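Q: Please take a close look at a single helix in the structure below and what packs around it. I would like one connected account, with the reasoning spelled out where a value leads to a conclusion.

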Amino acid sequence: MVVYFVDISEEYHHFETFDLRHFAMPRTRLRTTAQQSWSPSKMRAAISAVRDGSMGCKKASNVFGVPRTTLKRRVNNLNIDAVEDKKVLGSKRPVFNN
C-alpha cells in the first residue's frame with residue numbers, strides 16, 4: 001500500500017511516497033505455555049466437589065479439566081495468595097500496601 005503525503009508551503013509543492021509495509025505494527029505475541037489455562041469457575045466447581053466428598057482430587061481434576069496439584073493445594077488451603085479460584089502469577093509480591 002502506497003500513501004502520498006503532500007507538503008503545501010508557499011515556496012514549493014513537494015510530493016513524497018511512503019510504503020506502509022515498512023511501518024507495520026509489531027506482531028502480537030502468542031502464548032507459549034499452558035499454565036493457568038483453567039477457568040476459575042471450573043476450579044471452584046472442582047474444589048466444591050472434592051470438599052463435598054462426591055469425588056476425589058484425581059477424578060475432579062479429570063472431570064473439570066484443572067491441574068491435580070493445583071486442586072490439591074487449593075482444597076487444603078496451602079496457598080498464601082491464591083485461594084479458592086483466584087489466579088496469581090509469579091513469585092514476587094508487593095511489600096507495602098497501597
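A: Helix 1 covers residues 40–52, which is 13 residues. At 1.5 Å a residue it should span 18 Å, and its end C-alpha atoms are 18 Å apart, so the expected and computed lengths agree. The model is predicted, and local features are taken from it where pLDDT is at least 70.

The buried residues of helix 1 are Met43, Ala46, Ile47, Ala49 and Val50. Seen down the helix axis, these residues fall within an arc of 165 degrees, so they line one face of helix 1. The cover over that face includes helix 2, residues 57–64, and helix 3, residues 68–75. After helix 1 comes Gly53, with a positive phi near 90 degrees.

The setting for this helix is as follows. The protein has three helices and two strands, and their order along the sequence is β-β-α-α-α. Of the 98 residues in the protein, 18% are buried. Among contacts between residues at least 6 apart in sequence, 35% join residues at least 24 apart.

Helix 2 is one of the partners of helix 1. Its buried residues are Cys57, Ala60 and Ser61. Viewed down the axis of helix 2, they fall within an arc of 100 degrees, so they too line one face of their helix. Covering these residues, among other parts, are helix 1 and helix 3. The face of helix 2 turned away from the buried side carries the exposed residues Lys58, Lys59, Asn62 and Val63. Just after helix 2, Gly65 takes a positive phi of about 70 degrees.

Phe64, which is found in helix 2, shows the contact with helix 1 at the level of one side chain. Leaving out residues up to four places away in sequence, Phe64 touches Lys42, Ala45, Ala46, Ala49 and Met55. Ala46 and Ala49 are among the buried residues of helix 1. Phe64 itself has a relative accessible area of 22%, so it counts as partly exposed; the limit for buried is under 20%. Phe64 is also 8.9 Å from Trp38, C-alpha to C-alpha, although the two are 26 residues apart in sequence.

Helix 3 is the other named partner of helix 1. Its buried residues are Thr70, Leu71, Arg74 and Val75. Down the axis of helix 3, they fall within an arc of 130 degrees, so they line one face of the helix. What covers them includes helix 1 and helix 2. Each of the three helices is thus listed in the cover of the other two.

Thr70, found in helix 3, has a relative accessibility of 10% and therefore counts as buried. Leaving aside residues up to four places away in sequence, Thr70 touches Trp38 and Met43. Met43 is one of the buried residues of helix 1.

The segment after helix 3 also reaches helix 1. Glu84 is found in that segment. Apart from neighbours within four places in sequence, Glu84 is in contact with Met43, Ile47, Arg51, Arg74 and Asn77. Met43 and Ile47 belong to the buried set of helix 1, while Arg74 belongs to the buried set of helix 3. With a relative accessible area of 30%, Glu84 counts as partly exposed. The C-alpha atoms of Glu84 and Arg73 are separated by 9.4 Å, and the two residues are eleven apart along the chain.

Asn77, one of the residues that Glu84 contacts, lies in the segment after helix 3 as well. At 53% relative accessibility, Asn77 counts as exposed. Its phi is positive, about 55 degrees, although it is not a glycine. Most residues other than glycine have a negative phi.

The remaining feature is the largest pocket, which has a volume of about 240 Å³. The pocket is lined by 16 residues, and Gln36, Arg73, Arg74, Val88 and Leu89 lie nearest its centre. Its lining divides into six nonpolar, six polar and four charged residues. Arg74 recurs here: besides its place by the pocket centre, it is in contact with Glu84 and counts among the buried residues of helix 3.

Definitions and conventions
Residues numbered from 1 in each chain as written. Predicted model: local features only at pLDDT ≥ 70, side-chain atom pairs only at ≥ 80, totals over all residues. Heavy atoms only, no water. 1 Å grid on protein atoms, 1.4 Å probe; cavity = no way out; pocket = protein on both sides within 12 Å on 5 of 7 lines; lining within 4 Å. Points joined across faces, edges and corners; volume = space filled by probe spheres on them. Nonpolar A, V, L, I, M, F, W, Y, C, P; charged D, E, K, R; others polar. Helix = DSSP H or I, 4+ residues; strand = E, 2+ residues; numbered from the N terminus. Expected span 1.5 Å × (residues − 1). Buried < 20%, exposed > 50% of the residue type's maximum accessible area, 1.4 Å probe, protein only. Arc of directions from axis to C-beta. Contact = heavy atoms within 4.5 Å.
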